[in-house]
Amino acid sequence: MSLQRFWRHLITTRGSVRRHFPAASLQRIERAIKTCEERHAGEVRFAIEPALHPVQLRRNLGSRDRAIEVFSQLRVWDTEHNNGVLIYLLLADRAVELVADRGVAGGRVAEGEWEAVGALMQKYFREGAFEDGVVAGIDAVADLLARYPPGAPRLANELPDAPAIL
């Protein structure tokens, strides 16, 4: 772990989340998720984590491994048809990870397409447009799930649409 990364995580707090994502932004993101889910049978969850704990940093935990942990903690895997997708943002690293459950698109979505969604979001983040980046990412996930629909019929909303702030 680099000293620079440790410092970034030390100074990135829940206040940083509020600065980049005020209440109005979180509401817009929640509406974007609701709209997204009207287009397909998938379930989308967005989570923001300001920074990792020093113990996690010492273990050199990466954003991908942390996203998989969050996928489990938020029970994104716990949908009837395993059709959940987590969009995870580790704010201190400006890292975006997408974790899709096994029922999403039957594995037909290429890893490169998920990575393209993350790259799109990071482009916005570099410009300081965090809210727009998240909404663009949600829209891109909606496009993927509409193009490669989960095999399940549309069910009730199984996951909260409100962003999770960890």
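**Helices H6 and H7 and the nonpolar cores**

Reader: In this model, which way does H6 pass H7, with a right-handed or a left-handed crossing?
Author: In this predicted model, H6 passes H7 in a right-handed crossing.

Reader: And which residues make that contact?
Author: From H6 the contact takes Glu113, Trp114, Val117, Leu120, Met121, Tyr124 and Phe125, while the H7 side includes Phe130, Val134, Ala140, Val141, Leu144 and Arg147.

Reader: How do the residues of that contact divide into nonpolar, polar and charged?
Author: The contact of H6 with H7 has 13 nonpolar residues, two polar ones and three charged ones.

Reader: What about the geometry, at what angle do the two axes cross?
Author: The axes of H6, residues 111–126, and H7, residues 130–147, come within 7 Å and cross at roughly 160°. Angles over 145 degrees count as roughly antiparallel, and H6 and H7 are therefore roughly antiparallel to each other.

Reader: Switching to the largest nonpolar core, which residues touch the most other members?
Author: That core has 32 residues, and those touching the most other members are Phe21, Ile87, Trp114 and Val141.

Reader: Which elements give two or more residues to this core?
Author: They are helix H3 (23–37), the strands S1 (43–49), S2 (84–90) and S3 (95–100), and also H6 and H7. Of these, H7 gives the most, with nine residues.

Reader: Back to phenylalanine 21, what is it in contact with, leaving aside neighbours within four places in sequence?
Author: With those neighbours set aside, phenylalanine 21 is in contact with Leu26, Ile29, Ile48, Leu89, Phe130, Glu131 and Val134.

Reader: And how many residues are in the other core?
Author: The other core, which lies apart, has 15 residues, among them Ala47, Leu61, Ala67 and Phe71.

Conventions
Residues numbered from 1 in each chain as written. Predicted model: local features only at pLDDT ≥ 70, side-chain atom pairs only at ≥ 80, totals over all residues. Heavy atoms only, no water. Axes fitted to C-alpha atoms, helices over the stretch in contact; angles between N-to-C directions. Helix = DSSP H or I, 4+ residues; strand = E, 2+ residues; numbered from the N terminus. Parallel < 35°, antiparallel > 145°, perpendicular 65-115°, else oblique. Left-handed = near helix turned anticlockwise from the far one by under 90°. Contact = heavy atoms within 4.5 Å. Nonpolar A, V, L, I, M, F, W, Y, C, P; charged D, E, K, R; others polar. Core = buried A, V, L, I, M, F, W, Y, C linked by side-chain atoms within 4.5 Å. Buried < 20%, exposed > 50% of the residue type's maximum accessible area, 1.4 Å probe, protein only.
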